[in-house]
Amino acid sequence: MIHTTTTSLPPADVLRLAKAFFAERIPLNAAYAEKEGPEFLTLRGQGGEEVVFAVRQNEGFTSIRGSTLLFDQAIDRFFSTLPIAASAGAV
C-alpha cells in the first residue's frame, strides 16, 4: 500500500527520523536501513519485509511517499509524528 503526506521538515530530517522511528519505536517489527540516498530510504524488517520512503522538497514543504506490504500501521504512526506543512495545500 502507498501512503502520502506532507511536512514542514526538510527531506534529510524526514529520512533521519524514519530510520530512528523504525529501528527504535516499533521493537517487535523493527526495520533497518538497507539502501538510502538524498531522496529515498529503503528499510528491511524481519522476514525480509520492505518499507520504502521517497521524499521531494517543494516550495515550503516536503512531500513524502511511503510504500509497504506489511508496515502500513507503522507508516501511519510515523507520519503522525511529523509536523504538518502549512503551505502544502491540496497535494
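User: Let's start with threonine 7 in this predicted model. Leaving aside its neighbours within four places in sequence, which residues is threonine 7 in contact with?

Analyst: Happy to help! Here, contact means heavy atoms within 4.5 Å. With neighbours within four places in sequence set aside, the partners of threonine 7 are Val14, Phe61, Thr62, Ile64, Leu82, Pro83, Ile84 and Ala85.

User: Is threonine 7 buried or exposed?

Analyst: Threonine 7 sits in strand β1. Its relative accessible area is 0%, and the cut-off for buried is under 20%. Therefore threonine 7 counts as buried.

User: Which backbone atom does the side chain of threonine 7 reach?

Analyst: Polar contacts are pairs of N or O atoms within 3.5 Å. The side chain of threonine 7 has such a partner at 3.4 Å, and that partner is the backbone nitrogen of leucine 9.

User: Histidine 3 has a place in a strand as well. Is histidine 3 buried or exposed?

Analyst: Good one to check! The strand that holds histidine 3 is β1. Its relative accessible area comes to 9%, and anything under 20% is called buried. So histidine 3 is buried.

User: Which residue's side chain is joined to that of histidine 3 by a polar contact of 2.8 Å?

Analyst: Look through the residues that histidine 3 touches, not counting those up to four places away in sequence: Ile64, Arg65, Gly66, Asp72, Ile75, Asp76 and Phe79. Another polar contact, at 3.2 Å, links the side chains of histidine 3 and aspartate 76. The 2.8 Å contact of histidine 3 is with the side chain of aspartate 72.

User: What is the relative accessible area of aspartate 76?

Analyst: Aspartate 76 belongs to helix α2, which spans residues 72-80. Partly exposed residues fall between the 20% limit for buried and the 50% limit for exposed. Aspartate 76 is partly exposed because its value is 41%.

User: How far apart are the C-alpha atoms of aspartate 76 and threonine 4?

Analyst: Along the chain, these two residues are 72 residues apart. In space, the separation of their C-alpha atoms is 9.3 Å.

User: And what about proline 27 and glutamate 39: how far apart are they in space?

Analyst: Proline 27 is found in the loop between α1 (11-24) and β2 (31-37), and it counts as exposed because its relative accessibility is 64%. In sequence, proline 27 and glutamate 39 are 12 residues apart. From C-alpha to C-alpha, the distance between them is 25 Å.

User: In what order do the elements of the chain run?

Analyst: The chain has 2 helices and 5 strands. Reading from the N terminus on, the order is β-α-β-β-β-β-α.

User: What radius of gyration does the chain have?

Analyst: The C-alpha atoms fill a box of roughly 40 × 25 × 20 Å along the principal axes. With 91 residues, a compact globule would have a radius of gyration near 12 Å. The chain agrees with that, so the value you want is 12 Å.

User: Which elements give two or more residues to the lining of the largest pocket?

Analyst: The largest pocket has a volume of about 160 Å³. Of its 11 lining residues, the closest to the centre are Thr4, Thr5, Ser63, Ile64 and Arg65. The elements that supply two or more lining residues are β1 (2-7), β4 (50-57) and β5 (62-68).

User: How many residues of that lining are charged?

Analyst: Sorting the lining of the largest pocket by type gives 4 nonpolar and 5 polar residues. The charged ones number 2.

Conventions. Residues are numbered from 1 along each chain as its sequence is written. This is a predicted model: local features need pLDDT of at least 70, side-chain atom pairs count only at pLDDT 80 or more; totals for chains, interfaces and linings use all residues. Side-chain values use heavy atoms; hydrogens and water are left out. On a 1 Å grid over the protein atoms alone, a cavity is a set of points where a 1.4 Å probe fits but cannot get out, and a pocket is an open set with protein on both sides within 12 Å along at least five of seven lines; lining residues have an atom within 4 Å of a point. Grid points are joined across faces, edges and corners, and a volume is the space filled by probe spheres set on the points. Helices (H or I, at least four residues) and strands (E, at least two) are DSSP runs, numbered from the N terminus. Ala, Val, Leu, Ile, Met, Phe, Trp, Tyr, Cys and Pro count as nonpolar, Asp, Glu, Lys and Arg as charged, and the others, Gly among them, as polar. Buried means under 20% relative accessible area, exposed over 50%, partly exposed in between (1.4 Å probe, protein chains only). A polar contact is a pair of N or O atoms within 3.5 Å; within protein, one must be able to donate a hydrogen and the other to accept it, and residues adjacent in sequence count only if both atoms are side-chain atoms. The radius of gyration is taken over C-alpha atoms; the globule rule is 2.2 Å times the number of residues to the power 0.38.
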